[in-house]
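Here are a few short exercises to work through with the model open on your screen. Try each task yourself before reading the solution.

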Amino acid sequence: MATLDLKGVSKQFDDTRVLDNINLNVADGELVVFVGPSGCGKSTLLRLIAGLEAVTTGDVSIGDRDVSHLPPSKRGIAMVFQSYALYPHKTVRGNLGFALKHAGAPAADIKRRVDAAAAILELEDLMDRLPRALSGGQRQRVAIGRAIVREPDVFLFDEPLSNLDAALRVHMRVEILKLHQRLGATMVYVTHDQTEAMTLADRIVVMRDGCIEQVGTPLELYRHPANRFVAGFIGSPAMNFLDAQVREGRVVLGDQPLHPCTRTDGPITLGIRPEHLVQDDDGPLSGGVEVFEHLGGEAFVHITLGENLKVVAKLDGEKVYRPGDTIRLSAPEERCHLFEHS
Amino acid sequence: MPWRKRTTTGQALSAAAIHGVLLAWCALALFPLYLVVINGAKSRRAIFNDPLKLPTSDTFSAKGYASVVGNSEFPLYFGNSLVVTSVSLLLILLLGAMAAHALSEYRFRGNTLLGLYLIVGIMVPIRLGTVALLELMVNLNLTNTLTALILVYTAQGLPVAIFIFTEFLRAVSREIKDSARIDGLSEYRIFFEVVIPLVRPVIATVAVFSMIPIWNDLWFPLILAPGQETRTVTLGVQQFIGQYTVDWGAVLAALSVAVLPVLVMYIIFSRHLIRGITAGAVKG
């Protein structure tokens with residue numbers, strides 16, 4: 001168990017800077033999720049923490065130790081990979097015990113720790129199988145077990161659920177959450193899936209183009225996104241962004257004045273989440289229904305408010321609309337976000 | 001249902017056609033071998049009178065095999081061939097796989113260029129350099145040694161080996177190597193304990209493709225190591241070919257025996273070989 005500190009970490013491959021001055025403190029026992037679109041540098045950052053890539057500048061500390069120049073095996077970390085990365089010619093037991101065996105641990109010790117990990121992950125019946133005889137979910141459990149056996153200070157997960165089908169992914173997500181609660185270990189988890197990030201994280205780190213955009217708890221990010229990128233990335237379906245104006249202390253959408261605003265006059269981007277739009281016959285916004293997606297309990301309604309003003313509203317599934325119907329909406333002031341016009 | 005029946009008939013026909021073609025090819029490929037084996041067991045006269053006929057009680061003669069077995073030099077030639085082939089093969093596989101691993105795994109300046117340099121040897125027949133090689137061996141005092149042959153064969157086999165290995169080693173998951181690094185394995189142990197077991201079929205493929213030309217080669221033994229002590233089987237067989245008479249029975253018997261080790265090694269490797277070739281085929 002340990003803290004993890006990144007100070008001014010940068011990484012450069014040839015001429016491209018993939019990470020720029022990353023500063024982050026992860027508390028002991030915290031589960032931090034790095035999230036961002038592909039190519040944002042989140043996996044590279046994880047590999048830097050693991051020691052699989054060398055930092056160009058900056059320091060990585062685990063506990064109170066500066067590990068920036070230590071090889072991966074000396075850093076007290078364990079990593080779970082997207083492709084599981086099991087040794088195909090070793091049985092489940094062989095895979096679980098391999099690192100300990102290599103480190104020269106006594107056989108009794110290895111057996112005790114392997115059995116304990118197998119019990120946690122319910123792998124007891126699979127111990128003598130080879131990885132190719134396991135299902136995807138089982139393989140991922142072995143990969144996680146291999147990390148547990150090493151009793152690391154910090155667990156690193158690199159998109160561990162991406163190769164699983166949707167149902168299994170939800171199941172394994174819960175498993176990982178349970179594991180975190182049970183072990184109380186410091187964990188860093190990389191994903192491009194904002195749902196995984198929201199459900200798993202104590203804190204989320206949103207990254208873009210090698211920089212951290214915002215760090216915060218899932219609810220902080222959801223309620224108070226620092227910028228348009230974070231606002232658009234967190235939440236599903238994504239937040240609606242509308243070109244609006246500030247005129248005489250009010251936000252104006254099209255010709256429709258909305259709530260008051262203290263900003264100076266000029267163009268602005270108004271953000272509102274689909275789930276915060278309310279069907280309201282007296283509402284200030286009106287538009288034609290373009291597409292109606294019914295999910296049973298709820299429905300996504302695609303509405304055209306005007307030229308270049310399209311929104312998705314998440315409404316309850318009671319009322320069914322047809323394309324062409326007119327609908328009136330209101331947007332509660334406290335749920336609206338204002339961003340610099342882009 | 002009639003359509004289903006048609007399909008099965010069609011399938012049977014196409015299977016029969018495929019097997020027909022393969023059998024024909026097999027017969028064509030095995031025919032020379034068959035001639036060598038049967039004529040090796042016939043008397044000299046019978047070989048010339050009716051080369052295609054199986055040995056009968058009249059024409060059977062073990063004289064060929066007797067002169068091969070009775071020839072005290074033959075086990076020596078055989079041993080020389082085995083040493084040269086197996087040591088060269090070992091070096092080709094080891095050095096080839098290691099070079100390919102380095103090329104596919106590590107990022108360093110000039111990686112592509114070095115890879116091209118190592119592979120370009122495929123396009124230059126090594127026999128073109130015979131005179132230079134002979135001079136080199138003379139200067140190194142290596143003429144009439146098996147070392148000379150081993151060095152030349154290793155050089156000859158490496159480009160193709162590196163080419164094939166690089167392709168397959170690139171396909172080895174990077175994550176599995178990273179995982180081994182986190183487990184604390186040295187780069188050498190990652191290579192030997194993680195990478196090599198993953199590419200066993202490829203090793204078998206490269207082994208068979210490299211082994212046969214070495215075992216069958218006559219050129220370099222004749223030029224670099226024609227001495228009595230260092231003759232290989234293919235060169236040794238030549239002693240039965242005189243200037244005026246040729247002991248065909250002995251030549252053919254010797255060749256029949258010489259096929260055996262290659263056959264044994266092929267059978268050992270072939271299970272993997274098929275997997276190696278199809279793996280490449282599916283991967284595309």
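**Exercise 1.** How many residues of domain 1 of chain A are in contact with residues of domain 2 of chain A?

Solution. Keep in mind that this is a predicted model. Start with the bounds: domain 1 of chain A runs over 4–233, and domain 2 over 240–340. Next, look for pairs across the two, counting a contact when C-beta atoms lie within 7 Å. You should end up with four residues of domain 1 of chain A touching five residues of domain 2 of chain A. Now sort the domain 1 side by class: two nonpolar, one polar and one charged. Finally, get the spacing from C-alpha atoms, which puts the two domain centres 39 Å apart.

**Exercise 2.** Describe the overall build of chain A.

Solution. First, tally the secondary structure: chain A has eight helices and 20 strands. Then take the extent of the C-alpha trace along its principal axes, about 75 × 45 × 35 Å. For burial, 38% of the 342 residues in chain A come out as buried. Last, take the contacts in chain A with a separation of 6 or more: 64% of them link residues 24 or more positions apart.

**Exercise 3.** Which elements of chain B give two or more residues to the side that touches chain A?

Solution. Begin with the totals: 13 residues of chain B meet 18 residues of chain A. Mapping the chain B side onto its elements gives helix 8 (174–182) and helix 9 (187–198). Helix 8 of chain B supplies the largest share, six residues. By class, that side of chain B holds six nonpolar, three polar and four charged residues.

Methods: Residues numbered from 1 in each chain as written. Chains lettered and ligands numbered in written order. Predicted model: local features only at pLDDT ≥ 70, side-chain atom pairs only at ≥ 80, totals over all residues. Helix = DSSP H or I, 4+ residues; strand = E, 2+ residues; numbered from the N terminus. Nonpolar A, V, L, I, M, F, W, Y, C, P; charged D, E, K, R; others polar. Domains from an automatic or database assignment. Buried ≥ 20, exposed ≤ 12 C-beta atoms within 10 Å, placed from the backbone.
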